[in-house]
Amino acid sequence: PELSNNQNILPKEIISFIKRRSPIISSYAYTLKDDTPDLNEMGTTDLYGVSLLLDLCINMKKSFPQIGIILSVANLNDEGFLKKIKTKINKNNIRNNFFIYGKPVENIHNLWSNSDVYVRPTLSDGDSIALREALSLKTPSVASDATPRPEGTIIFQNQNLNDFSEKVKGVLENSDHYKIKLNNIKYENNFKKLLNIYEYSYKDV
């Protein structure tokens, strides 16, 4: 999407990536931990579905060569896991398409509003604040069926790459349709409350 007026609130590295890529998919992980022996396999300990996200990028690039995926990670403290991720990125030639921002982002909801799709490929989950933020901002959102999701979420089968890819591609090809559907959903006006909780969590990092 074209950058909105709130673009300057985002870190310059994210702004630069958004300007160079289209469409934009965003995702969030609080932390990344290396418990998965092989990133080419879906290890149940890859909590935030990073391997699945990388495979999504590989798939989507076939139809959208300029696609950009931004993974925002509040705590990027496992160099071993990051090395495995970068190896897979380089091996599959998606280094210009997949961007990891490894610091807390203030007002991160501005990233969701500047995305074409928000994705939540977690293997297990609670009630995701980031997902609710994206939906409140009318950003089409795709999430795994690991847990019940808010109304308006496009659901894919947990750890099923083909289903994940099809759902995301469907949104990118019919974004107006999904935005209209979100506009017709009246969410409880608790965005500010969610934002306060989200920002408070960074204070404990």
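**Exercise 1.** Determine which residues of helix 3 are exposed and which are buried.

*Solution.* Step 1: E79, K83 and K91 are exposed (over 50% relative accessible area, 1.4 Å probe, protein chains only); helices here are DSSP runs of H or I with at least four residues, and strands are runs of E with at least two, numbered from the N terminus. The model is predicted, so local features need pLDDT of at least 70 and side-chain atom pairs count only at pLDDT 80 or more, while totals for chains, interfaces and linings use all residues. Residues are numbered from 1 along each chain as its sequence is written, and side-chain values use heavy atoms, without hydrogens and water.

Step 2: F81, L82, I85, K88 and I89 are buried, that is, under 20% relative accessible area.

Step 3: These buried residues line one face of the helix, because their directions from the helix axis to the C-beta atoms fall within an arc of 125 degrees. The exposed residues lie on the other side.

Step 4: Helix 2 and strand 3 are among the elements that cover the buried residues, by contact of heavy atoms within 4.5 Å.

**Exercise 2.** Describe the largest nonpolar core and the contacts of V168.

*Solution.* Step 1: This core (buried Ala, Val, Leu, Ile, Met, Phe, Trp, Tyr and Cys residues joined through side-chain atoms within 4.5 Å) has 34 residues. I25, F98, V142 and V168 have the most contacts inside it.

Step 2: Helix 2 gives the most to this core, with 8 residues.

Step 3: V168 touches I25, L56, M60, V119 and V142, leaving out residues up to four places away in sequence.
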